[in-house]
Amino acid sequence: MQRPRLNSLLLASTDPERLHAWYVAALDPEEYSDMDGYRLLNFGGFHVLIDTRADVTDKNPEPGRVILNFDVADARAVVARLDGMGVSWLAELEDRDGSLFATAIDPDGNYVQIIQISEAHRAAIEQRQVTGDREATMLGATKAFSGFSVNDIAAAKAFYSETLGLRVSEANGMLRLHIVGDRDILVYPKPDHTPAAYTILNFPVDDIDEAVDQLTERGVRFERYDTIESDEKGIAGGAGPRIAWFTDPAGNVLSVIQEG
């Protein structure tokens with residue numbers, strides 16, 4: 001028999017329109033809409049539904065009974081956005097052994113916890129899920145990540161966020177590229193930076209011609225190599241997958257690749 005799977009939560013409110021608008025502005029759901037009279041918010045596949053009920057008050061009298069936890073990539077940025085909305089805080093942002101926690105209060109008095117789990121804590125959780133009670137090896141609980149250097153952090157941030165459209169955060173003079181699949185890449189400044197002599201990032205695409213056209217319109221120049229035959233757009237094929245190389249402002253080599 002298939003086990004039950006929790007995939008949604010209903011928030012009852014005397015003013016669902018106001019509450020729905022607050023969550024949209026505060027936490028930027030992937031999707032929001034009306035569905036059969038419900039206000040629907042999609043947060044990473046988990047749905048929050050908001051509806052009117054006659055048996056609730058304007059303010060939640062026991063908000064500690066159910067707390068909405070939101071896992072975020074940049075807690076400080078989320079807190080800053082909420083501060084700009086004039087949100088009241090039950091608990092200000094605090095660092096708990098590398099992880100960041102804050103608890104806001106929504107317009108109906110519900111508690112909304114903002115959580116940014118540290119890399120070490122997230123890796124330990126994942127390792128426990130895999131190993132159960134078995135003791136992890138020395139690096140078994142470490143979530144590894146890659147990194148590369150650039151000579152200009154500001155130029156790199158503009159390129160990766162604006163030109164390539166990646167989600168980028170900045171802290172301590174370094175960048176993190178937030179790649180699909182919950183894998184971050186560290187970008188750090190290096191005064192004597194030398195561009196990598198290999199492709200540091202490959203971006204799989206469904207239609208490489210379309211991807212090359214869009215990037216060209218954004219000012220990207222595609223590389224051509226004497227030893228590799230390519231078409232007028234700079235797309236190489238041959239016996240392997242179609243691929244086109246380009247560089248970031250620091251000269252590091254990237255590619256778009258159409259597999260299959």
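**Entry 1: Asp-71 and strand β5**

I began with Asp-71, which stands opposite Ile-115 in β8; the pairing of two strands is accepted here if DSSP finds at least two bridges between them. The model is a predicted one, in which local features need pLDDT of at least 70, side-chain atom pairs count only at pLDDT 80 or more, and totals for chains, interfaces and linings use all residues. Residues are numbered from 1 along each chain as its sequence is written, and side-chain values use heavy atoms, with hydrogens and water left out.

I noted that Asp-71 lies in strand β5, where strands (E, at least two residues) and helices (H or I, at least four) are DSSP runs numbered from the N terminus. Leaving aside residues up to four places away in sequence, I found that Asp-71 touches Ile-115, Ile-117 and Arg-122, a contact being heavy atoms within 4.5 Å. I also looked up Ile-153, which is 82 residues from Asp-71 in sequence and 27 Å from Asp-71 in space, C-alpha to C-alpha.

Which residues make up the covered face of β5, and which the uncovered one? In this strand, residues 67-71, I listed Leu-68 and Phe-70 on the covered face, and Ile-67, Asn-69 and Asp-71 on the uncovered one. I reminded myself that in a regular strand the side chains alternate between the two faces of the sheet.

**Entry 2: the partners of β8**

I then followed strand β8, residues 111-116, which runs parallel to β5 and is joined to β5 by five bridges. Within this pair I found Phe-70 opposite Ile-114. Strand β7 is joined to β8 by six bridges, but here the two strands run antiparallel, and the bridge partner of Phe-101 in β8 is Ile-115. I wrote down Ile-115 again, since it also stands opposite Asp-71.

Is β8 enclosed or open? I counted five of its six residues as buried, so β8 is largely enclosed by the rest of the structure; buried means under 20% relative accessible area, exposed over 50%, and partly exposed in between, with a 1.4 Å probe and protein chains only.

**Entry 3: hairpins and positive phi angles**

I looked next at the hairpin of β7 and β8, which has five residues between the strands, and there Gly-109 takes a positive phi near 90°. The neighbouring topic was β6 and β7, which pair in the antiparallel sense over six bridges, with Asp-95 opposite Leu-100 in β7. The hairpin of β6 and β7 has two residues between the strands, and Asp-97 in this hairpin takes a positive phi near 55°, although Asp-97 is not a glycine. I placed Asp-97 in the loop between β6 (88-96) and β7 (99-105), and found it exposed, with a relative accessible area of 72%.

Where does Asp-28 lie? I found Asp-28 in the loop between α1 (16-27) and β2 (31-35); this residue is not a glycine either, yet it has a positive phi of about 50°. Asp-28 is exposed as well, with a relative accessible area of 59%.

**Entry 4: Ala-244**

I moved on to Ala-244, which lies in strand β14, residues 242-247. Its relative accessibility is 0%, so Ala-244 counts as buried. Not counting residues up to four places away in sequence, Ala-244 touches Ile-208, Val-212, Phe-222, Gly-234, Ile-235, Leu-254, Ser-255 and Val-256. I also looked up Lys-233, which is 11 residues from Ala-244 in sequence and 8.4 Å from Ala-244 in space, C-alpha to C-alpha.

**Entry 5: the chain as a whole**

Last, I looked up the totals, beginning with five helices and 15 strands. The radius of gyration of the chain is 23 Å, well over the 18 Å that the globule rule gives for 260 residues, so the chain is more spread out than a compact globule; the radius is taken over C-alpha atoms, and the rule is 2.2 Å times the number of residues to the power 0.38. Along its principal axes the C-alpha trace spans about 75 × 50 × 45 Å.

Of the 260 residues, 38% count as buried. Among contacts between residues at least 6 apart in sequence, I noted that 53% join residues at least 24 apart.
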